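This report concerns the interior of a protein model: its nonpolar cores, its enclosed and open spaces, and its charged side-chain pairs. The sequence and structure are shown below.

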Amino acid sequence: MEPTTVHIDTSSEQLSKHPVQFTPEDLHIHLEPIIHKMVASELSYSFQQPVDSISLKILDNPTIIKHSIDISIIHNKLLCYCCGRQHVYSPGVLLCYGKEQCSQILVNDNYYYYNNLEPSRLNLSNDQYRFCTQCFNSIESDAIFVGDDLTQTLVEIPKSLFLLSKNDLKEPEKMIDCIVCTRHWHQVCALHLDQIWSEGFICNTCHVTIRVLAASDKICNVKSQLKNYYPNQATDGYPYRTKAIFAFQKLEGVDVVFFGMYVQEYDEHCPAPNTRRVYISYFDTVHFFQLKIYRTDVYHEILIGYLDYVKQHGYMYAHMWACPASEDIDYIFYRHPCEQNILKLKCLQDWCKIMLDREQLQNDIKQDCLDSQIQRVIDIPYFDGDFWPIMIENNIEKLDQEDRGKQEAEDLDDPIESEHPTELSGKRKSVNTCEKKNLKKMTNQMLNCTDLLSVIFSTMEKYKETFFVIRLHDQTPSHPAVNDNKDLIECDLMETRTIFLRFFCDKNYEFSSLRRAKFSTMALLYELHASKTEKCIYSCNICRPQCEDFDLCEKCYNMELKHEHNMERLLS
């Protein structure tokens, strides 16, 4: 059977049409990079703004180019961020400067206009003067006398300078730019008035609220192995201030948390080597920030903003451990969306490098140790919960086990002392043996210190792509890096990321969907508010008898029934 050829008449009105529909977000994603590339080109300068016919004295340009186009018009029409549409105002009635009984030019009527290039002239201060066709044609002379006030001296304008036009111009709504992201919004969509917000317009996408939810002073205790390894040299601990920093965005009228970070700040009063250092111990995200294409930029900006903050406060170094979470382990937020992409180790390292290379001077941890000419393990920065304190402890224990094994083997190989030593020779022998043991112990310890540093450096070489050291200043700032006690924010829930995570896990406050993230954020904000509110705790024997002592809730206490003893109000 031969195939049947079907001829389609493309001009037929009955042919079903399927026009392609683009959402505003599609337009932003695909066209905005092209617009920015055009603007960045040196050749685009003359095309970035509309032609100024008056200043260039090409008054006939609007009559020749009826629908002008330039990059700003393209940007505003195609890429208004708020709604993706073009809104215009319908033409209105215009003022006619002709006969007194004719005061208006109706919509869609033709008229003649004169562009005033010298608004400083007496009685001629407006930019444009218009005459309806009836008034213009009724003047038989070759010139028209024009003025703001007909009772004063009028200015004679040749009729040849007047241009014909039609009152059908639809004026586009005014566009304003977000002062943060520079994206275009209709002023009406933005609900913005400069008289109210004189500092400028910030769009909803850029209205990210950064909140420090907790700030408390702690001590990073030095572990026992390291203190024993460097007796009378290692400090007991390093004081620091820990902060919980979270970011929120208003989505559909509700605050939603999308970024969390825990940091440790060791100011100038902290002993070396932690002096003037900060450590970003954990950061975590849930992918609800809108728009999606700006998520990475926003995450980077929050981290860079924090680094700039500590830089301005006199800190010298910032440390960060790029350790990705696995799919079944949460760092801060309980249960991420299953569709969220969890970065693998290499991707996270590249993610951090891109951020730091853009703004900061960064080293890997081994190079930083070499640049600082570190000769002892106790001179390596030591942070609470970091990888290196654990690694140092494990290696010290391993070296100690090796030393004990060597010592036991050497003790078995020692020669047996003479059975009849004299008293003097015995004392000398004892002293010599003790001195030899002490000398040997010191020698072994020195060798072990060198071995330990070599082992740690070898490990750093292996993990150097994972640990970042950011140098914030080339020289130590003259102003001190001191934490202000006024900044303390006590909050048990936010004190550590483990407490925060466990609480949300126990309450089933998930971030697995936007719906649940809204609810969990609301619960978080309530808990933060409740933690700062003084609570009264009552155990009432009338409402709920449960123990031998006599307690009343506030409601029962205020009733006529009184207890024979004085009662105290308990607060917590």
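In this predicted model, the largest nonpolar core holds 59 residues, and Phe-246 and Met-494 touch the most other members. Helix α7 makes the largest contribution to this core, with eight residues. A separate second core comprises 34 residues, among them Tyr-240, Tyr-317, Ile-378 and Leu-452. In soluble globular proteins, nonpolar side chains tend to be buried together.

## Strand β18 and the cavities

Strand β18 is largely enclosed by the rest of the structure, because four of its five residues are buried; the cut-off for buried is a relative accessible area under 20%. β18 pairs with β16 in the antiparallel sense, over five bridges. Within this pairing, Trp-321 has Phe-467 of β18 as its bridge partner.

Rolling a probe the size of a water molecule over the atoms shows where empty space is left. The structure contains two cavities of 30 Å³ or more. For the largest cavity, the volume is about 90 Å³. Its lining consists of 13 residues, and those nearest the centre are His-319, Ile-365, Phe-383, Asp-386 and Trp-388. Which elements each supply at least two residues of this lining? They are β16 (317-321), α9 (365-371) and β18. Of these, β18 provides the largest share, three residues. By class, the lining of the largest cavity is made up of ten nonpolar, one polar and two charged residues.

The second largest cavity has a volume of about 40 Å³. Ala-214, Ala-215, Ser-216, Ile-489, Glu-490, Cys-491, Asp-492 and Glu-495 form its lining. These residues divide into four nonpolar, one polar and three charged.

## The second largest pocket

The second largest pocket encloses about 1200 Å³ of space. Its lining comprises 47 residues, with Phe-283, Asp-284, Thr-285, Tyr-331 and His-336 lying nearest the centre. The elements that give two or more residues to this lining are the strands β13 (237-251), β14 (254-266) and β15 (277-285), together with the helices α7 (295-312), α8 (345-359) and α12 (497-506). Strand β15 gives the most, with seven residues. In terms of class, 22 of the lining residues are nonpolar, 13 are polar and twelve are charged.

Two of these elements also appear elsewhere in this account. Helix α7, which lines the pocket, gives the most residues to the largest nonpolar core. Helix α8, likewise part of the pocket lining, carries both Lys-346 and Asp-350, which meet in a salt bridge.

## Salt bridges

Side chains of opposite charge can pair when their charged atoms come close. A search of the whole structure finds 13 salt bridges. Three of the pairs are listed here with the separation of their nitrogen and oxygen atoms.

| Salt bridge | N to O distance |
|---|---|
| Lys-346 and Asp-350 | 3.0 Å |
| Glu-465 and Lys-353 | 2.4 Å |
| Asp-379 and Arg-376 | 3.2 Å |

What is the sequence separation of Lys-346 and Asp-350 within helix α8? They are four residues apart, about one turn of the helix. Lys-346 counts as exposed because its relative accessibility is 53%, the cut-off for exposed being over 50%. Asp-350, at 29% relative accessibility, counts as partly exposed.

The bridge between Glu-465 and Lys-353 also involves helix α8, where Lys-353 lies. Glu-465 is in the loop between α11 (423-463) and β18 (467-471), so the pair ties together parts that are 112 residues apart in sequence. Both partners count as partly exposed: Glu-465 has a relative accessibility of 35% and Lys-353 one of 24%.

In the bridge between Asp-379 and Arg-376, Asp-379 is partly exposed at 25% relative accessibility, and Arg-376 is partly exposed with a relative accessible area of 33%. Elsewhere, Arg-211, Lys-250 and Asp-255 are joined into one network by salt bridges that share partners.

Notes
Residues numbered from 1 in each chain as written. Predicted model: local features only at pLDDT ≥ 70, side-chain atom pairs only at ≥ 80, totals over all residues. Heavy atoms only, no water. 1 Å grid on protein atoms, 1.4 Å probe; cavity = no way out; pocket = protein on both sides within 12 Å on 5 of 7 lines; lining within 4 Å. Points joined across faces, edges and corners; volume = space filled by probe spheres on them. Nonpolar A, V, L, I, M, F, W, Y, C, P; charged D, E, K, R; others polar. Salt bridge = Lys/Arg side-chain N within 4 Å of Asp/Glu carboxyl O. Buried < 20%, exposed > 50% of the residue type's maximum accessible area, 1.4 Å probe, protein only. Pairing = 2+ DSSP bridges. Core = buried A, V, L, I, M, F, W, Y, C linked by side-chain atoms within 4.5 Å.
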